[in-house]
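Hi everyone, thanks for making time. I've brought one structure along today, so have a look at the screen and I'll talk you through a few spots I like.

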Amino acid sequence: MPKKLTLNLITPEKQLISDLQVDMVILPALLGEMGILPGHVKTIVQLGMGSLRYKKDGKEEAFAALGGFVEVLNDVVNVFAESASLADEIDEEAEKQKIKAAKASLSNKDADIDFELAEMEIKQAIARMKVKKRQM
């Protein structure tokens with residue numbers, strides 16, 4: 001029997017995946033995509049924004065992961081994400097509205113707005129939309 005990875009995906013709100021046996025994990029590390037297979041070296045890596053995918057029995061499932069970190073140790077992949085959404089749960093229209101609202105607040109020069117927060121909201125909405133479109 002081929003060796004498997006154990007995947008755990010935890011956000012501040014809840015544990016989305018617990019002890020799931022998978023063949024491979026592909027994650028959005030801060031400096032680019034990273035693939036993890038059984039036997040991977042011990043690693044701690046900062047999680048960027050993008051598609052966190054796993055493969056199990058020839059099928060691929062995707063989440064939009066938005067920041068956090070990942071620990072790989074003894075074929076266990078623990079993902080501690082600031083936020084994560086299953087691709088099927090992402091509402092593309094709602095994400096478009098978030099982008100529109102953030103862009104509108106950025107264009108309002110007189111308002112007392114947090115530019116970094118507005119830009120982060122745009123980046124997060126775009127990341128979620130990319131994951132949703134990839135699953136279509």
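Let's start at a loop: N74 sits between strand 6 and strand 7. One thing to keep in mind as we go is that this is a predicted model. So, what does the backbone do at N74? Its phi is near 55 degrees, which is a positive value, and this residue isn't a glycine. And is N74 buried or exposed? The relative accessible area of N74 is 60%, and exposed means over 50%, so N74 counts as exposed.

The loop belongs to a hairpin made of strand 6 and strand 7, with two residues between the strands. Those two strands run antiparallel, and six bridges join them. If you want a pair to find on screen, look for G68, whose bridge partner in strand 7 is A81.

Now go back a bit along the chain, to the hairpin of strand 5 and strand 6. Here, too, there are two residues between the strands, and D57 takes a positive phi near 55 degrees. How many bridges join strand 5 to strand 6? There are 13, and the strands run antiparallel. One pair to look for is M49 with its partner L66 in strand 6.

There's another residue with a positive phi to point out. D19 isn't a glycine, and its phi is near 55 degrees. Where is D19 found? This one lies in strand 2. D19 has 52% relative accessibility, so it counts as exposed.

Okay, let's go inside. The largest nonpolar core has 23 residues, and V25, L27, V77 and V79 are the ones touching the most other members. Strands 1 through 7 each supply at least two residues of that core. Take V77 and skip its neighbours within four places in sequence: its contacts include L5, L7, V25, I36, V70 and V72.

Let me zoom out to finish. Along the sequence you get eight strands and then two helices, the pattern being β-β-β-β-β-β-β-β-α-α. The chain has 136 residues, and 42% of them count as buried. If you take the contacts with a separation of 6 or more, 52% are between residues 24 or more positions apart. As for the outside, the accessible surface comes to about 8,100 Å², with 53% of that belonging to carbon and sulfur atoms.

That's my tour, so over to you.

Terms used:
Residues numbered from 1 in each chain as written. Predicted model: local features only at pLDDT ≥ 70, side-chain atom pairs only at ≥ 80, totals over all residues. Heavy atoms only, no water. Core = buried A, V, L, I, M, F, W, Y, C linked by side-chain atoms within 4.5 Å. Buried < 20%, exposed > 50% of the residue type's maximum accessible area, 1.4 Å probe, protein only. Helix = DSSP H or I, 4+ residues; strand = E, 2+ residues; numbered from the N terminus. Contact = heavy atoms within 4.5 Å. Pairing = 2+ DSSP bridges. Areas by Shrake-Rupley, 256 points an atom, 1.4 Å probe, with all protein chains shown as cover.
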